[in-house]
Amino acid sequence: MEYDGHFRQAQRSKYDCLLFDLDDTLYPLNSGLATECRKNIEDYMVLKLGIERSKIFEMGNLLYKNYGTTMAGLRAIGYDFDYDDYHSFVHGRLPYERLKPDPVLKNLLLSLPLRKVIFTNGDRVHATKVLSRLGLEDCFEGIICFESLNPKDKNNVSSDDLDAVFGASVQTTTTSPELFDIIGHFDQPNAGSQKLPKTPVLCKPSEDAMEEALRIAKVDPQRTMFFDDSVRNIQSGKRVGLHTVLVGTSQRTKGADFALESIHNIREALPELWEVEEKSEVRYSSKIAIETSVTA
Ligand SMILES: [Mg+2]
């Protein structure tokens, strides 16, 4: 043990930064927000984009599966709409009151001697509201969100721009002749071999989105741990070189270095994340002595 203590102190900490997904990662799935969010997306597709209710379920699944988010898929197949309008409709009516302050998680996060950054596909207003409800707003150095990956001046065509190009009558589009029939596409026997239209939206799990987040956060993936409840996001994170933690299940799947039933298990499952602190506090004593000095 004594030797082990010396050895650990001689190492540089393995990590610099922790990258956390937000929804269903920092609060549990049983809050029901995800279900409400899905309902709102379906309503948006019917009420704002004029898509038939009977097609929503299948179309939503295909878009989510192939494009990362339903929104990214809707843009890919030809629907034009304002991103802010979409987000305020889909997130604006969520029952945020179901999220309660989580002082246990707050203390865990604040005790971690590493950089901590949020990386979510959600928009900034949503991320801020969720963190505030959970009482975690002071636990992170920054938030990488939809707007970070999709800055308006670069990828988004605002309604003003549309007016300028096409005339003031153009609003949200539901009648574009260019719409791609994604349900019909996947009904074909050879659908897998044909290319789908590209989306202008950058989001997880695309590797480009992962790389962009790493660039924005200025982190080396080899020295960063990524927490997410989505298996495909975790697998994409692994492909860009991140250390990965699947949250919400204790079953590790391919691409996940670790799996946590709940983010609250982080300390028991990943004690090495706290080792920077140990290294700076103790030079020549064993781990038992470290714990004593911390408690004292
Ligand atoms: Mg999530």
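**Exercise 1. Find the residues that Leu149 touches, leaving out those up to four places away in sequence.**

Solution. Leu149 touches Leu202, Cys203, Ala209 and Glu212. The model is a predicted one. Next, place the residue: Leu149 sits in helix 8, which covers residues 146–149.

**Exercise 2. Decide whether Leu149 is buried or exposed.**

Solution. Start with the cut-off: a residue is buried if 20 or more other C-beta atoms lie within 10 Å of its own. Then take the count. Leu149 has 22 C-beta neighbours inside 10 Å, so Leu149 counts as buried.

**Exercise 3. Work out how far apart Leu149 and Thr120 are, in sequence and in space.**

Solution. Along the sequence, 29 residues separate Leu149 and Thr120. In space, their C-alpha atoms are 9.9 Å apart.

**Exercise 4. Trace the order of the strands in the open sheet and name its edge strands.**

Solution. Follow the order: the 6 strands run 3-2-1-4-5-6. Their pairing is parallel. Now look for strands that pair on one side only: these are strand 3 (142–144) and strand 6 (258–260), the edge strands. From one strand to the next, the twist averages 25°.

**Exercise 5. Describe the pairing of strand 4 with strand 5.**

Solution. Strand 4 spans residues 224–228, and strand 5 spans residues 243–247. They pair in the parallel sense, over 4 bridges. Pick out Phe227: its bridge partner in strand 5 is Val245.

**Exercise 6. Identify the strands that helix 11 touches.**

Solution. Helix 11 (residues 207–217) packs on the sheet. It touches strand 1 (17–20), strand 2 (115–119) and strand 3. Finally, compare directions: helix 11 makes about 155° with strand 3.

Terms used
Residues numbered from 1 in each chain as written. Predicted model: local features only at pLDDT ≥ 70, side-chain atom pairs only at ≥ 80, totals over all residues. Pairing = 2+ DSSP bridges. Helix = DSSP H or I, 4+ residues; strand = E, 2+ residues; numbered from the N terminus. Axes fitted to C-alpha atoms, helices over the stretch in contact; angles between N-to-C directions. Contact = placed C-beta atoms within 7 Å. Buried ≥ 20, exposed ≤ 12 C-beta atoms within 10 Å, placed from the backbone.
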